[in-house]
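Reader: Please give me one close look at the nonpolar packing. Which residues hold the centre, and what lies around them?

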Amino acid sequence: GEWPIDSRGRPLDDWNVVQNPTAAVKTNIELQHTLDHDSVVCCVRFSNNGRYVATGCHNAAVLYDAETGERLALFANQGVVESQAALEQLELGDSYVRSVCFSPDSRFLVAGAEDKTIKIWDIQARRLRHSLVGHTKDIYSVDYSTDGRYVVSGSGDKRAKLWDVSSGECVRTYGDDDGGPMDGVTSVALSPDGRLIAAGSLDRTVRVWDCETGTCLERFEGHSDSVYAVAFAPDGKYLATGSLDKSLKLWDISAAGTRAPGGVSKCRYTFEGHKDFVLSVAFAPQDTWLISGSKDRSVQFWDTHNISTAAEEGPSLILQGHQNSVISVAHSPAGKVFATGSGDKRARIWRYSYANG
């Protein structure tokens, strides 16, 4: 896109920040890098060591250096390619990489795509380790277990699956025609302790399964439209969800599975601030923030240390940082850095700091 300039020809910022005057702390945001793509950026994710950022776009997962913004590798659905030109020459069909994640040791990159496959790439060797086949529709979401043994996936086929990374085999399938998701699984997440799998669905319900047994422990009903995003709080106490009903919700999962059978869990908090679909949610691993991305083109920061205030007063901060939907947000596990992916064909890496220390 064209960079906007002022009347003297100097570049203008094409982004801005609005602070909530009631916010407990003033947060400064700086744009670090803009990563231009040739297609919509469906997803962004950081590696555990904070070194890499990966994006998913048309026919490829792209690996970047999070510090410098340099593009390190293009993992096409068929193999590693050296350049965008080489990618365009491949006969790839038409498949977006809808979700990416890294192994905890940052050695492997996982890409879930619309071609129904999940690819596990060896980053250093630049080669394919596994292609996980078993879902019957597009893959919408992938996540890695904290012990590095499993990958969980969610698909348009109304199922979530758990895969053994060493063998490439599907270990367990979650969801069935009896009480399981009645429509596509848009987002999956593994709890920090690895015990739970959360899944958001187009059917408006969030389900939490016991990872080992496959038992459905919780059904969270409260969103009035499709759920597009789920994320566990770092301490494992809450599950955050984002929906096409324009809201985020926080659910208490500390007592998951201890309730009487058939009991429906109540939503603890609802966050309303977005003017359109909420497409992505992410917690800051060492900070107070819950971050959301929306079709309204904004990123909103919610203060989880003052949850009831956030539910009443709205977001602490609104970042208008893209020219189109913010489809994905991610926070670095290493420092005050986050990333956004957008329909404007850009991913951006941002840094934040606090005005009063």
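Author: The answer starts with the core and ends with the pocket.

This is a predicted model: local features need pLDDT of at least 70, side-chain atom pairs count only at pLDDT 80 or more, and totals for chains, interfaces and linings use all residues. Residues are numbered from 1 along each chain as its sequence is written, and side-chain values use heavy atoms, without hydrogens or water.

The largest nonpolar core holds 19 residues. Such a core joins buried (under 20% relative accessible area, 1.4 Å probe, protein chains only) Ala, Val, Leu, Ile, Met, Phe, Trp, Tyr and Cys through side-chain atoms within 4.5 Å. Leu35, Val44, Phe46, Val53, Leu74 and Leu87 have the most contacts inside the core.

Six strands (DSSP E runs of at least two residues) each give two or more residues to the core: E3 (43–46), E4 (52–57), E5 (60–65), E6 (71–76), E29 (337–342) and E30 (346–354). E5 gives the largest share, three residues.

Now take Val44. Beyond four places in sequence, Val44 is in contact (heavy atoms within 4.5 Å) with Ala54, Thr55, Val100, Ser328, Val329, Ala330, Ala339, Thr340, Gly341 and Ala347.

Strand E3 also helps line the largest pocket, with two or more residues. A pocket is an open set of points on a 1 Å grid where a 1.4 Å probe fits, with protein on both sides within 12 Å along at least five of seven lines; lining residues have an atom within 4 Å of a point. About 1300 Å³ of space lies inside. The lining has 48 residues, and Arg45, Asp143, Val230, Ala231 and Val281 lie nearest the centre. E8, E12 (139–144), E16 (185–190), E20 (227–232), E24 (278–283) and E28 (326–331) also give two or more lining residues each.

Note on methods. Buried < 20%, exposed > 50% of the residue type's maximum accessible area, 1.4 Å probe, protein only. Helix = DSSP H or I, 4+ residues; strand = E, 2+ residues; numbered from the N terminus. Points joined across faces, edges and corners; volume = space filled by probe spheres on them.
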